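Visitor: I am new to this one. Could you show it to me and take my questions?
Guide: Gladly. Here it is.

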Amino acid sequence: MNSIGQLKTRAIVSNIRKVREFRNYTQDYLAAKLHISQNAYSKIELGYSSITLNRLINIAEILEIELSDLISSDIEEIIAVKLTLKQA
């Protein structure tokens, strides 16, 4: 059985991937910015590696998104708003 913490972690790493793809950033790009290997970064997105608060903050900064938005359950809505603002 999955704990609430595990489920929330999965949601957050899914959000990271969604925002990364929205920004058209590759895993290689984020890995380079974080000074880690692409393989290590991939493990973050897959939820195989634990993510520290410091690393989460760094990822939010690279993705140009507020940390609170990154951990939100409404990431699709946040991305849609950002797309609308970008096109205006």
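Visitor: Why are α2 and α4 called oblique to each other?
Guide: This is a predicted model. In it, the axes of α2 and α4, residues 53–62, cross at roughly 125°. Roughly perpendicular covers 65 to 115 degrees, and roughly antiparallel needs over 145. The angle of roughly 125° fits neither class, so the pair is oblique.

Visitor: What else describes the crossing of α2 and α4?
Guide: The crossing is right-handed. The two axes come within 10 Å.

Visitor: Which residues of α2 and α4 meet?
Guide: From α2 come Tyr29, Leu30, Lys33 and Leu34. From α4 come Arg55, Asn58, Ile59 and Ile62. The contact divides into 5 nonpolar, 1 polar and 2 charged residues.

Visitor: What makes α2 and α3 roughly perpendicular?
Guide: Helix α2 spans residues 27–34, and α3 spans residues 38–46. They pack at about 105°, with axes 8 Å apart. Angles from 65 to 115 degrees count as roughly perpendicular. The value of about 105° lies in that range, therefore the term applies.

Visitor: Which residues make the contact of α2 with α3?
Guide: On α2, Gln27, Asp28, Leu30, Ala31 and Leu34. On α3, Gln38, Tyr41, Ser42 and Glu45. They divide into 4 nonpolar, 3 polar and 2 charged.

Visitor: How many helices and strands does the protein have?
Guide: There are 6 helices and 0 strands. Along the sequence, the pattern reads α-α-α-α-α-α.

Visitor: How much of the protein counts as buried?
Guide: Of its 88 residues, 32% do. Buried means under 20% relative accessible area.

Key. Residues numbered from 1 in each chain as written. Predicted model: local features only at pLDDT ≥ 70, side-chain atom pairs only at ≥ 80, totals over all residues. Heavy atoms only, no water. Axes fitted to C-alpha atoms, helices over the stretch in contact; angles between N-to-C directions. Helix = DSSP H or I, 4+ residues; strand = E, 2+ residues; numbered from the N terminus. Contact = heavy atoms within 4.5 Å. Nonpolar A, V, L, I, M, F, W, Y, C, P; charged D, E, K, R; others polar. Buried < 20%, exposed > 50% of the residue type's maximum accessible area, 1.4 Å probe, protein only. Left-handed = near helix turned anticlockwise from the far one by under 90°.
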